Amino acid sequence: MKFLEVRPQAVDRGQVSRKQKIGRLRPSALFPWILDGLAYLYILAGLLVFIMPFGVTLWYSLLTRGKSPKLTLANYRYVFGSFVDSLLLSSKVSAVTVLLNLLIVIPAAYALVCYEFKGKKFILTLLNVPLYSPAIILGIGLILIYHFTYGLYNSFLGLCFGMIVGTFPLMLLPVMVALKDLDTVYEEAALCLGAGPLYTFFKVTLPLMGPGISAGIILNFVIVWNEFLVTLFIAGPDYITAPLKVYNQILWFGYQNTTAALAATLQIISFLALILYFKLFGSRFLKGRFF
Amino acid sequence: MASVKLVNVSKRYGDTVAVDRVSLDVENGEFITLLGPSGCGKTTTLRMIAGLVEPSEGEIYFGDKLMNAVPVNQRNIGFVFQSHALFPHMTVRDNLAFGLKARKFPKHEIEKRIEEVLHLVEMAGFEGRKPHQLSGGQQQRISLARVLVGDPTVLLFDEPLSSLDFNLRNTLKFQIKELQRRTRKTAIYVTHDQSEAFAISDRIVVMDRGRIQQIGTQLDIYLRPQTPVVANFIGSHNCFRGLLTEVDAESGLGILDCEGWSIKVRIPEASPSAAMQSFERRQVLAYLRPEDIEVLEHPGEERHLNCFQGRIQQVIFEGSTLRVQVEVAGRILQTEVSGKKRLSFFGKEGLSLYVGFSELTLIWE
């Protein structure tokens with residue numbers, strides 16, 4: 001018995017690629033330089049407007065106080081000295097929220113995608129209510145409940161629960177999409193090979209949902225990390241997260257360079273999370289080479 | 001190893017019947033193919049045998065054991081999917097070890113079996129690769145290995161080759177047959193490709209619209225189709241509908257009247273001569289295989305029951321054979337010419353010639 005070595009498939013070189021086609025039709029072929037230059041100018045101007053608020057904060061955070069400001073990193077040293085409690089609290093809240101959300105979302109998504117039951121659509125709609133209701137409404141609702149019922153106001157757990165209620169659907173949707181897109185053939189193959197349902201779930205289904213789950217984690221993290229309005233309502237005086245700190249600082253002391261540094265730190269960490277996500281998952285996932 | 005038996009197995013989805021009272025006996029070590037057009041219920045039948053689909057009624061036995069209530073993962077089957085279904089996040093080794101680990105085999109046993117099975121499919125040295133680093137044929141071979149490594153009682157194939165290119169399909173189908181012969185496992189193979197079915201099966205089950213149309217060997221199916229569906233599905237036959245007249249019990253010959261065109265036909269030997277007369281005036285479908293028509297340059301040769309004059313409409317060169325469409329009495333006959341002779345007809349559209357034929361397959365309506 002001999003297996004034939006597989007020959008690589010021939011590549012069709014006769015076709016003109018889309019890029020070439022567009023290149024041929026580009027108007028700038030008629031007015032070289034001028035149209036190209038204008039196009040870049042337009043894009044840059046748009047970007048400038050878009051980036052300016054972040055740029056200004058970043059610039060301001062790198063200056064010393066006073067009449068003749070100089071470039072310095074002292075503000076950041078101050079942030080990691082005096083504001084470190086807020087940053088740590090924000091990290092803890094984000095981590096705990098993401099973790100608890102995961103524990104709720106994965107079984108929920110599995111049930112919503114894989115099983116048929118009465119009232120499924122209704123439940124799904126209810127679960128998504130936080131997605132399209134304003135944060136202020138959620139905040140007011142939570143503060144009423146916390147004060148009068150659970151006594152969760154001004155507590156770490158209360159803060160996390162508030163975040164979970166607000167961000168749960170953001171995690172649920174990508175995980176559900178990942179499950180829906182997952183070909184059932186892998187689970188069937190696992191069952192046929194003699195694996196039980198639980199073994200199949202943990203060894204096959206869950207790892208293959210990886211891209212969806214990680215998208216959910218990043219989205220969830222960035223939202224919770226920067227959440228301000230709901231926190232303002234339910235956090236209480238002992239639990240000042242970093243965004244809340246920024247707000248308080250501005251409220252009491254005006255716009256200081258150190259506050260700008262704290263805001264910039266928040267921004268940079270969100271940005272790094274997104275970069276990390278795209279580096280780790282984005283490009284490979286898009287190419288179908290996730291694993 | 002075990003035989004597989006289906007007794008009146010049906011599957012209904014709401015009002016639609018996907019599989020309709022299918023009964024089937026597959027002997028131990030037999031290679032059986034479910035053949036039929038898409039939507040005929042062959043895949044559903046296979047999935048019911050695997051336990052992936054629950055039958056609406058009927059019983060499925062492996063050997064003497066009733067399997068209806070046994071969950072998929074305890075049936076000890078090997079299912080090869082159309083898409084190879086290798087776990088994309090695992091290496092070849094982990095894919096092969098998956099079922100064994102789930103069934104708690106000892107480590108040294110797993111290692112030994114993986115090595116053996118990779119040797120069997122001639123893929124040794126690929127243990128560390130991920131599925132996307134393999135070519136289509138290699139992926140399908142690994143998925144075959146993954147199934148064999150667990151030593152299943154029954155092998156089930158769901159069109160495993162349909163996503164591969166022509167050459168690869170040809171080599172792999174013989175390898176599958178060879179592997180099955182060597183491992184002596186009962187195999188049930190689903191395909192819509194009759195040449196695939198003919199190449200590898202011991203017996204073929206032709207299905208259509210959820211029902212079994214005919215069970216038999218390649219020759220049974222090809223030469224003696226029992227229903228119009230089978231005849232139409234197998235090969236590109238010429239088909240005439242007509243009325244049987246002038247049955248001669250002595251010679252076993254009759255005349256088929258197809259709207260004014262008379263063809264002499266031989267009534268199947270199996271029919272008792274006493275019953276011959278009763279065939280008269282009956283509606284009959286007559287199938288004529290292209291290769292059973294001889295294209296002649298001169299008329300009047302005695303060896304054919306029928307000989308007609310015609311004109312060549314179209315000639316299609318297919319390599320080893322030449323497909324010639326001949327217009328006879330206002331109908332188009334598909335004929336096939338092979339051997340040296342085929343070359344003399346190439347490009348001869350419009351040529352006047354004769355066709356002779358004797359062998360027709362009759363199906364009573």
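In what order do the 6 strands of the open sheet in chain B stand? Keep that in mind while you look at the model, which is a predicted one.

Here is the order: 6-7-8-3-9-10. The sheet is open, and its pairing is mixed. In general, strands of a sheet pair through backbone hydrogen bonds, either parallel or antiparallel.

Now the edges of this sheet. Strand 6 of chain B, residues 77-80, stands at one of them, and strand 10, residues 211-216, is also an edge strand. Each has a single partner strand, so one side of each is left without a neighbour in the sheet. From one strand to the next, the twist averages 15°.

Next, one pair inside that order. Strand 3 of chain B covers residues 31-35, and strand 8 of chain B covers residues 186-191. The two run parallel, joined by 5 bridges. Find L35(B): opposite it, in strand 8 of chain B, stands T191(B).

A helix packs on this sheet too. That is helix 4 of chain B, residues 136-148. Helix 4 touches strand 6 and strand 7 of chain B, the latter being residues 154-158. Its direction makes about 170° with that of strand 6 of chain B.

Last topic: where the chains meet. Chain A gives 21 residues to the contact, and chain B gives 30 residues. On the side of chain A, two elements give two or more residues: helix 9, at 185-192, and helix 10, at 197-208. Which element gives the largest share of that side? Helix 9 of chain A, with 7 residues. And the make-up of the chain A side? It divides into 17 nonpolar, 2 polar and 2 charged residues.

Definitions and conventions:
Residues numbered from 1 in each chain as written. Chains lettered and ligands numbered in written order. Predicted model: local features only at pLDDT ≥ 70, side-chain atom pairs only at ≥ 80, totals over all residues. Pairing = 2+ DSSP bridges. Helix = DSSP H or I, 4+ residues; strand = E, 2+ residues; numbered from the N terminus. Axes fitted to C-alpha atoms, helices over the stretch in contact; angles between N-to-C directions. Contact = placed C-beta atoms within 7 Å. Nonpolar A, V, L, I, M, F, W, Y, C, P; charged D, E, K, R; others polar.
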